[in-house]
Amino acid sequence: MTKEPAVTVHGAEQVRRARFAVATVFTVHGAVTGSFATRVPWIQDHAGVSTGQLGLALAFPAIGASIAMPLAGRISHRFGARTALRGLLALWTLALILPALAPNLLTLCAALFVYGATAGMSDVAMNALGVEVENRLDKSIMSGLHGMWSVGALIGSAAGTVAAHIGTDARLHHTLAALVLTAVGLLACRGVLDLRSEPDEEPPPRFTLPPKSALIIGAVGFCAVFAEGASLDWSAVYLRDVLGSSDGVAAASTTAFALTMAVARLAGDRIVDRFGAVRTVRVGGALATAGGLLVVFSSSPAVAMGGFALLGLGVAVVVPLAFAAAGRSGPNPSQAIAGVATITYTSGLIAPSAIGSLAEATSLVVSFGVVTVLAFGLVLGAGVLRAGDRKVTGSAVDGGAAAKTASGS
């Protein structure tokens, strides 16, 4: 994608509206994840599955996303970015209903397959539009957008905490949440950029091998996102099963994690500008490691909740910095960014399943010991993000979107 020319006053206003709209989309996407995560213990009990079976079921979002994510670019190429995002986001918000309806392991796996497929496709579509807005503004906004995703996860998890505390059936909770989030998402999509492909443009490729630089940077992102995914989906189960807390207190641990993630991401740009990417990630890795140790060695729910909060604070800004470093790591920024995105996204999807499988073989305490080791990997590997010390500009990245032109611009 070539850099857009300077926009007119009307065009600048359109881009500002698009920034607000895509930020709302990120918030809605995060709210679905937060709503689901807080009710995982209820879903486990309703489906009658063991910890190991739950871990198996939680592998299916990764399978669904891996299969479906390459389709997002082609859908945008065919229908335009706005229409594609509108449809994919609605499918994702409505998919929230499915896991709570599953009465057994087989149906839970099928529901989570659809949940993951719609999550992955909508994630690709909204990030591509976010990068395009960033390019046109010629300043970094992706950390803030990911911060709004965390705000959405916080809102969803807070509502889930209340629902769990008062004993609301998750089927009712998730149906109401899905309807509200679908309505908000459809309204927000009206304001995003309506990007369309050139008539003679070839559809995007289904798969491209990432460069070696992306693999190295992606390894750091993998550690951060693994800790994030593990904490988001298993923190409530950990407090309930390991520390014997109530469902309401257990759900609150997910809220604490989401809260620190949101705060850190929203403040991320200022922190990185002041201290640099490497130092920020090293300090974050140290905080996440301390949080993991608190979780592993805690004997009380309150201390464990503090540990999960520190984990969220420590890993929050790693992924945006990994994208920035990838964009400066070689002659093909878009390919490097796509490679890092694939690695980090896959990490978040496989983490819940890996934690469950390890917990079945050993214990949840051992599983979060592994999370703690990976968090320490951020301290050791932060140096590979040195290219992210300089602020990202619109010309540094290629959104990778199939769409090239905007109607109404």
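Let me start with the network of salt bridges that links Asp45, Arg240 and Asp241, keeping in mind that what we have on the screen is a predicted model.

Take first the pair formed by Arg240 and Asp45, whose side chains meet in a salt bridge with an N to O distance of 3.3 Å. Arg240 belongs to helix α10, which covers residues 212-241, while Asp45 sits in helix α2, residues 40-47, so this contact ties together parts that are 195 residues apart in sequence. The two partners also differ in their surroundings: Arg240 has a relative accessibility of 15% and therefore counts as buried, the cut-off being under 20%, whereas Asp45, with a relative accessible area of 51%, is exposed, because that class begins over 50%.

The other link in the network runs from Arg240 to Asp241, where the side chains meet in a salt bridge at 2.9 Å, again N to O. Asp241 has a relative accessibility of 40%, and so counts as partly exposed, a class that lies in between those two cut-offs.

Let me now turn to another pair, in another helix. Arg136 forms a salt bridge with Glu132, and here the closest N and O atoms are 3.0 Å apart. Both residues lie in helix α7, residues 105-137, with a spacing of four residues, which is about one turn of the helix. As for accessibility, Arg136 and Glu132 are both buried.

To place these pairs in context, how many salt bridges does the count come to? The count comes to six salt bridges, among them the Arg240 pairs with Asp45 and with Asp241, and the pair of Arg136 with Glu132.

Notes: Residues are numbered from 1 along each chain as its sequence is written. This is a predicted model: local features need pLDDT of at least 70, side-chain atom pairs count only at pLDDT 80 or more; totals for chains, interfaces and linings use all residues. Side-chain values use heavy atoms; hydrogens and water are left out. A salt bridge is a side-chain nitrogen of Lys or Arg within 4 Å of a carboxyl oxygen of Asp or Glu. Helices (H or I, at least four residues) and strands (E, at least two) are DSSP runs, numbered from the N terminus. Buried means under 20% relative accessible area, exposed over 50%, partly exposed in between (1.4 Å probe, protein chains only).
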